[in-house]
Amino acid sequence: MRLLIVGTLKGQLTTATKIAMENGATVTHAEDHDQAMRVLRGGKGADLLLVDVALDIRDLVLRLEAEHIHAPIVACGITNDARAAVAAIHAGAKEYIPLPPDPELIAAVLAAVANDSRELVYRDDAMAKVIKLAQQIAGSDASVMITGESGTGKEVLARYVHSRSARAKRPFISINCAAIPEHLLESELFGHEKGAFTGAVARRIGKFEEATGGTLLLDEISEMDVRLQSKLLRAIQERVIDRVGGTKPVPVDIRIIATSNRNLAEAVREGTFREDLLFRLNVVNLKIPPLRERPADILELAQHFVKKYADANGVPLRPLSAEARRVLSANRWQGNVRELENTMHRAVLMAQGDEIGPDAIITPDGDRLDLAKTPPAVAHATMAAEQVTRALVGRTVADVERDLILETLKHCLGNRTHAANILGISIRTLRNKLNEYADGGIPIPPAGTPGEYPRMPMMGA
């Protein structure tokens, strides 16, 4: 977490600095807007700006927007003046904090901005395997690709890897490749020189240089334009970057972590992603299973979010009822952990009585989660797929293969030739398998007539 404090409220801001540093923040000071902009352009960067309300906050907001610098502003002042607070919010500040600062309030603001309150919560064996691999490779400098559906916690895992690396005390810089327009992404990544393009009023250090010594997270890298991918490949290979409009390469020392919710091998086949870049990034692949495939995590995460949002909203901590737990476990969570978190936030606010019951487990529209309308065909297909999956889990490949062969043979009324054709194997392989099963004491359907096909029931019969 990088905090830039702008202003000269002596004593009061010193206290804020101390509190921020106690909460793990790296703090930089600037006396005015000009100095603040020089700090931000120069590569130190900031995740949050704490700005004296006496300064022209609107002017600072406009300066940041003009240079495409994204950092939230929290205003602060020595008086608890409601008008000053409202004016600061209208000018573009996200929040107003009266000074002297309350330690818990500063800590809460830092946690909200940095999103460091997202803990790595898991219990399911499927997730435990991913975490174990993450722990094994965290200490290296190997590039890491984290894949999984939206909402599974890819950025949380990326921060976890960084926190366990030798770079943990250095910057963790994240950039969402899908959220920044294509024509601006190159400058955001590599920086630019003054006059490189319209609006480049001064040299700007990009994310690669900001992350030097630490970790750079390229979130949703599959959305990056192919042309820019080639420049990224060079930066990873050579450990140097070229600023837009620059005349000489700049060395960088970073570890790359990339995330994607798309199948990048398929993107390579489609020509939208470079194969050589995929090889460079995919040294280690941490594939996060969707929440529906790690059922033991559902209730563990639900209880974690209940406590989190009960504390945040100042409401009593209520346990989940047995019926509420059943509803949560039965849902498919298409939005994964993000959807579950939002659902539990609503449940904490809606719950009445001593427990959180199923009536509080609702959709954003207010319908009970277990009564939400699902198209019958979709529901039937989902149920059928889950039944098939449950029937296979826990069985060996040999057992599943044997049952498939014998059931196919029964369907063909014992006709070995037809069964082999359906199974896609040779008649010799089929006979060898049947002899193996017979030797093991398993009943084998008697042979049928080679030219006889199984009779199918007539429609309506």
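Here is a short question-and-answer walk through a predicted model, covering its sheets, its packed helices and a cavity.

Q: What makes β2 and β5 edge strands?
A: Start with the sheet they belong to: an open one of 5 strands, in the order β2-β1-β3-β4-β5, with parallel pairing. In that row, β2 (26–30) and β5 (95–98) each pair on one side only, and that is what makes them the edge strands. Going from one strand to the next, the twist averages 25°.

Q: How do you know that β1 and β2 are paired?
A: Count the bridges. Two strands pair if there are at least two bridges between them, and β1 (residues 2–6) is joined to β2 by 5 bridges. So the pair passes the cut-off of at least two. The two strands run parallel. If you want to find one of the contacts yourself, look at Arg2, whose bridge partner in β2 is Thr26.

Q: Why is one side of β7 and of β12 left without a neighbour in the sheet?
A: These strands belong to an open sheet of 5 strands, ordered β7-β8-β11-β6-β12, and the pairing is parallel here. β7 (172–176) and β12 (284–287) stand at the edges with a single partner strand each, so one side of each has no neighbour in the sheet. The twist in this sheet averages 20° from one strand to the next.

Q: What makes β7 and β8 a pair?
A: It's the bridge count again. The cut-off is at least two bridges, and β7 shares 5 bridges with β8 (residues 215–219), in the parallel sense. So β7 and β8 count as paired. One spot to check is Ile175, which has Leu218 as its bridge partner in β8.

Q: Why are α2 and α3 called roughly parallel?
A: Two packed helices are described by the angle between their axes and the distance between the axes. For α2 (residues 33–41) and α3 (residues 57–66), the angle is about 25° and the axes are 11 Å apart. Angles under 35 degrees count as roughly parallel, so α2 and α3 get that label. Their crossing is right-handed.

Q: Why are α13 and α14 called oblique?
A: α13 and α14 (residues 322–330) pack at about 125°, with their axes 9 Å apart. Roughly perpendicular covers 65 to 115, and roughly antiparallel needs over 145. An angle of about 125° fits neither label, so the helices are oblique to each other. Their crossing is right-handed.

Q: What makes α17 oblique to α18?
A: Try the reasoning once more. α17 (residues 397–411) and α18 (residues 416–423) pack at an angle of about 130°, and their axes are 9 Å apart. That makes α17 oblique to α18, because the angle lies above the 65 to 115 range but is not over 145. α17 passes α18 in a right-handed crossing.

Q: How do you know which residues in the lining of the second largest cavity are nonpolar and which are charged?
A: First, some background: the structure holds 2 cavities of 30 Å³ or more, and the second largest has a volume of about 30 Å³. Its lining is made of Val306, Ala310, Pro316, Leu317, Arg318, Ala347, Val348, Ala351 and Ile356. α13 (296–313) and α15 (336–350) are the elements that give two or more residues to this lining. Now sort by type: Ala, Val, Leu, Ile and Pro are among those that count as nonpolar, while Arg counts as charged. That gives 8 nonpolar, no polar and 1 charged, and the charged one is Arg318.

Conventions: Residues numbered from 1 in each chain as written. Predicted model: local features only at pLDDT ≥ 70, side-chain atom pairs only at ≥ 80, totals over all residues. Heavy atoms only, no water. Helix = DSSP H or I, 4+ residues; strand = E, 2+ residues; numbered from the N terminus. Axes fitted to C-alpha atoms, helices over the stretch in contact; angles between N-to-C directions. 1 Å grid on protein atoms, 1.4 Å probe; cavity = no way out; pocket = protein on both sides within 12 Å on 5 of 7 lines; lining within 4 Å. Points joined across faces, edges and corners; volume = space filled by probe spheres on them. Left-handed = near helix turned anticlockwise from the far one by under 90°.
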